[in-house]
Amino acid sequence: MRPFELAAPATVGEATGSTGTFLAGGTTLVDLMKLNVVTPHRVLDINGLPLHGIDTGDGLRIGALERMADIAAHPGVYPVISRALLLSASQQLRNMASIGGNLMQRTRCTYFRDVSMPCNRREPGSGCPATTGTNRMHAVFGTSGSCVATHASDVAVALAALDAEVRLAGPDGERTVRLTDFYRTPAGSPEIEHDLRQGELITEIVVPRLDWAGRSTYVKVRDRQSYEFALCSAAVAMDVRDGIVADVRVAAGGVATVPWRLPSVEAALRGRPATEESFAVAAALATDGAKPLADNAFKLSLLPRTIVRALLEVTERSR
Amino acid sequence: MPARLDAPMKVTGDAKYAMDHNFPGMAYGYVVVSTIAHGEIESMDVTATKSAPGVLEVYSPFDPLALGPVSTPMFGETWVPLRDKEVTYAGQPIGFVVAETFEQARDAAMLVGVSYRELPALTSLVDGLDTAVAMAPGHVDEPPELTVLEEGVSSIEEAFAASAVVVDATYRTAAQNHVPMEPHSAVAVWEAGELTVYSGNQGAHLPALELSMALGLEPSAVRVVNPFVGGAFGGKGQTSAPAFLAAAASRRLGRPVKASLTREQVFTATAGRAATVQQITLGADRDGTLIALRHDSWCSTDIAGSFIEPTSHGTSRKWYATRNLAISQKIVPLHLPPTTYMRAPGEAPGSFALESAMDELAEALGMDPIELRRRNNSLAPPGRDLPWSSKHLDECFRIGADRFGWAGRTPGGRADGDWLVGMGVAVAMFPAQRFPASVGITLNADGTVDVQTGGADPGTGLLTVLSLVGAESLDIAADRIRPRIGDSALPPGGMSAGSTATASAGTAIMAGAAQVIGELLTLAASPGAPFAGEEVTYADGRVHGQGHTMTFGEVLRATGRPGLTAVGSSAPGEEMTKRSFSSFGAQFVEVRVHRLTREARVSRMLGVFDGGRIINHQTARNQLMGGMIWGVSAALHEGFEIGVGEVRGRVANADLAGYLIPVNADIPDIDVHFVEYPDTLHNDLGARGLGEIGTVGVAAAVANAIHNATGIRVRHIPIRIEDLLA
Ligand SMILES: Cc1cc2nc3c(=O)[nH]c(=O)nc-3n(C[C@H](O)[C@H](O)[C@H](O)COP(=O)(O)OP(=O)(O)OC[C@H]3O[C@@H](n4cnc5c(N)ncnc54)[C@H](O)[C@@H]3O)c2cc1C
Ligand code: SF4
């Protein structure tokens with residue numbers, strides 16, 4: 001860690017008007033500072049800002065500083081969101097970590113976190129050792145020759161499935177961006193991860209009202225039962241009427257450089273019977289366009305299975 | 001008295017571990033490690049580091065600390081940092097920054113610039129198999145390649161040709177690290193030419209000796225203290241890099257120095273368990289009788305070839321009554337972190353291979369896996385005339401099968417909703433040994449007793465065992481015993497290694513107690529003493545004479561003595577020429593695999609153990625449960641990830657987020673059961689070791705259960721989801 005200056009802005013305007021790196025729960029930022037991966041000169045502690053509240057009146061509005069644990073425990077939050085949160089990190093981390101920070105968390109790519117190694121995302125142009133090195137945890141979608149790292153957030157996958165938006169405040173005012181547009185696949189510049197401009201802050205997460213989102217779930221497949229990132233995950237919400245899929249949302253995690261919405265799978269499910277056979281046919285489309293690496297080709301087999309399992313869980317619950 | 005004496009202190013935070021020691025004027029050291037696997041350090045730029053706030057000194061191979069070479073009879077050479085510019089693995093200590101605070105030392109260490117002359121690195125065990133070298137494990141008294149043939153059989157191949165059924169397979173196990181909760185660390189205090197080092201280790205005397213060698217001091221000038229140890233598992237026998245560095249820096253600076261590896265550094269700057277490749281061929285008659293067993297092992301090690309993981313010698317050499325046997329051990333030196341003893345070295349990875357192979361044989365024969373093992377029960381290691389002193393493995397299996405519901409197992413497993421359920425078993429064995437040990441026993445005038453030895457209790461329960469055995473040997477209540485361990489100023493003994501501490505220290509206590517009772521009786525009956533001239537006996541903590549009795553405290557007070565001390569000693573003796581000694585166990589595991597997403601989770605576990613006399617059921621159970629959890633970890637989670645294209649030999653998952661060990665949710669209720677047959681042929685106490693056997697066999701039992709559930713045979717550990725997607 002390098003010595004840094006710490007400030008605590010009292011208002012959103014003060015925060016967005018000053019230069020520095022925002023600190024919320026610190027569970028990503030402080031970790032990366034200790035590893036010298038990020039070396040801010042100035043840290044802005046935003047925990048005093050009024051970015052709180054969970055409003056379930058019309059859809060869902062969540063203040064950016066709400067803690068993961070509090071959101072997960074809120075009875076009005078759609079199951080896919082609370083499950084994605086509960087299956088994230090550990091209770092201790094969920095007590096500290098904010099939802100804004102969660103959406104902004106950095107990749108867990110082992111090379112990104114080790115300053116003795118090259119990494120295009122950390123040091124543009126230095127190279128990407130993951131393409132030839134250890135890449136079991138890495139992505140098969142949205143990758144490029146310059147970066148193959150997954151986006152590690154679970155709740156972002158659930159939010160992407162539900163067409164969530166982020167509200168941003170910045171020196172030039174406020175704006176709202178769809179979460180799926182907010183994140184950037186790496187292409188030639190993996191260091192640009194999102195559409196956040198200089199000084200901009202996430203103030204709120206907005207999930208549009210979806211009356212049947214109560215029938216939703218998040219399935220996370222990983223190497224141990226808890227406290228581990230996804231090898232593969234599926235966020236699913238599904239409206240089944242008379243045994244037929246009336247409408248559905250599907251997104252995948254652990255497999256892509258950004259939360260990965262699967263419109264082709266959704267289209268193939270709509271109007272079809274809610275049976276395992278028809279789920280399997282639709283889920284098989286999920287791997288179209290995948291680019292497996294040496295260690296992670298198994299995700300092409302695992303992803304459709306994960307989606308089918310999630311769809312079955314929701315079907316079970318809708319009965 | 002609590003079941004574990006140190007528990008109240010540990011749960012309330014009163015237990016003072018090495019790093020909890022603070023002294024006025026103390027400085028903090030931070031270790032700098034290499035970032036390449038092989039090469040020479042050409043230069044180190046420490047200008048920015050030296051001018052960073054709070055920095056006192058920067059040591060490196062260019063500005064080294066006075067540290068000499070270290071070698072001991074039992075452990076051989078111990079690596080001492082900063083003695084040369086050669087780098088032989090990534091993550092090797094190459095520098096030491098000392099500053100006024102920990103943060104200042106850490107931040108300044110990040111500013112060290114190192115330039116290397118990089119050389120090609122060997123990092124792949126598989127690539128090195130062809131050039132492997134035969135090497136006998138250091139602590140095994142047999143050649144690296146060994147064959148036992150029945151009369152009239154000219155080669156092991158001939159024995160296989162004569163076998164009705166032959167199975168042959170190759171197994172692989174991952175490299176691991178002990179990952180103790182307490183990282184390797186030390187606080188060194190240099191005062192008036194004498195050094196005191198507080199450091200968690202497995203016995204205070206070895207590091208004291210090693211530090212005195214490295215620093216060129218008289219052994220008596222170094223004292224090592226470690227009352228509490230936050231886990232060791234074989235990885236804290238020899239002196240750690242931070243201890244050498246803190247000690248030498250403290251001498252140079254004339255200030256106390258505290259140093260610890262970071263969690264990430266523990267994975268490389270210490271030594272871990274080798275990766276192994278093992279080929280096993282089993283030949284049997286149709287009735288399951290083993291005709292031939294061949295077990296060839298290759299293990300990774302550091303470039304100095306410092307440790308041989310005895311997978312063949314530790315298992316197939318002894319486990320089954322095979323008529324013909326051929327085993328070998330080869331090493332593949334690599335530019336990877338050093339390897340060393342780790343809980344059940346040899347037995348843990350070796351049993352994965354052997355006990356998987358036995359399961360494959362049972363399947364090939366269409367025979368129940370327990371029945372196959374029963375038919376090949378050994379009465380002595382093959383070709384040796386020394387029968388097992390006390391072996392009740394069949395009983396372990398019988399009781400285990402009953403408790404576990406083994407009769408309900410079907411060859412193809414069963415389904416429970418979306419989960420495929422299977423059961424597996426494996427044998428566990430671990431040699432019963434003793435190391436030379438001395439324990440001091442002092443009867444005090446206030447009626448208490450000190451029982452003291454230099455060894456360590458890294459969570460094993462030794463401290464409590466000292467009380468219990470002391471109380472039994474002196475026929476008094478355990479709460480009158482004041483046990484002390486973890487200080488090189490105490491008699492050498494009770495080193496926590498090789499599952500020997502209870503048997504070694506326990507018998508030394510018995511010997512010491514007999515001695516001190518003898519001295520007490522002599523004193524009591526001596527002229528002028530309360531029992532002068534009487535016929536005296538000792539029982540119940542009292543001296544009994546003709547018609548009157550006194551407690552030993554009263555005798556001491558009456559004779560004006562503050563206390564009476566004896567040092568009891570024990571060591572392996574002639575029993576070793578008469579019998580073979582081992583602990584035994586039967587491991588039962590039930591596994592569930594999701595039919596779609598293929599996560600394998602252990603749902604039930606039972607271990608039934610034949611470990612001689614059990615001195616403390618709770619700490620014994622705790623040791624075995626811990627060992628069994630290690631087995632699950634090895635089977636499903638744990639292992640170094642070193643990428644194939646990883647020219648820098650970097651451990652990709654060197655932190656606790658990437659190096660997976662099970663969380664609570666991965667571990668079911670664990671049933672541990674003992675058959676208790678005191679093994680007094682081994683030692684007077686009748687206790688054998690329990691610290692390591694718990695982990696032996698578990699990984700195979702898990703793999704066997706997965707095979708039962710899914711029909712998929714995985715021949716490597718850890719077993720992961722991709723292995724089960726077929
Ligand atoms: C061991 C471990 C395991 C984990 N496992 C999981 C897991 O399984 N699933 C999962 O989803 N996550 C996991 N995480 C990640 C964890 O969820 C994130 O670290 C956490 O959500 C980040 O939130 P924070 O408030 O602590 O953010 P901080 O660390 O404070 O900030 C993170 C980043 O976001 C920026 N930031 C914070 N708030 C805002 C804002 N309002 N607007 C703009 N920028 C902002 C900061 O500048 C910083 O760059 C794990 C983390 C750890 C350490
Ligand atoms: S995958 Fe991306 S984050 Fe990882 S090393 Fe390559 S560029 Fe860096």
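**Exercise 1.** Work out which residues have the most contacts inside the largest nonpolar core, and which helix gives the most to this core.

*Solution.* In this predicted model, the largest nonpolar core has 83 residues, and those with the most contacts inside it are L282(B), L361(B), F588(B), V591(B), L636(B) and V702(B). Such a core is a set of buried Ala, Val, Leu, Ile, Met, Phe, Trp, Tyr and Cys residues joined through side-chain atoms within 4.5 Å, where buried means under 20% relative accessible area with a 1.4 Å probe, protein chains only. Next, helix α10 of chain B, residues 347-365, gives the most to this core, with nine residues; helices here are DSSP runs (H or I, at least four residues), numbered from the N terminus.

**Exercise 2.** Find how many residues each chain gives to the contact between chain A and chain B, and how much area is buried there.

*Solution.* Taking contact as heavy atoms within 4.5 Å, we find 35 residues from chain A and 37 residues from chain B. The buried area, which is the accessible area (1.4 Å probe) that two parts lose on being put together, summed over both, is about 3,000 Å², and carbon and sulfur atoms give 51% of it. Within the area that chain A buries against chain B, R224(A), R305(A) and R309(A) supply 22%, more than any other three residues.

**Notes.** Residues are numbered from 1 along each chain as its sequence is written, and chains are lettered from A and ligands numbered from 1 in the order in which they are written. Because the model is predicted, local features need pLDDT of at least 70 and side-chain atom pairs count only at pLDDT 80 or more, while totals for chains, interfaces and linings use all residues, and side-chain values use heavy atoms, with hydrogens and water left out.

Key:
Buried means under 20% relative accessible area, exposed over 50%, partly exposed in between (1.4 Å probe, protein chains only). Helices (H or I, at least four residues) and strands (E, at least two) are DSSP runs, numbered from the N terminus.
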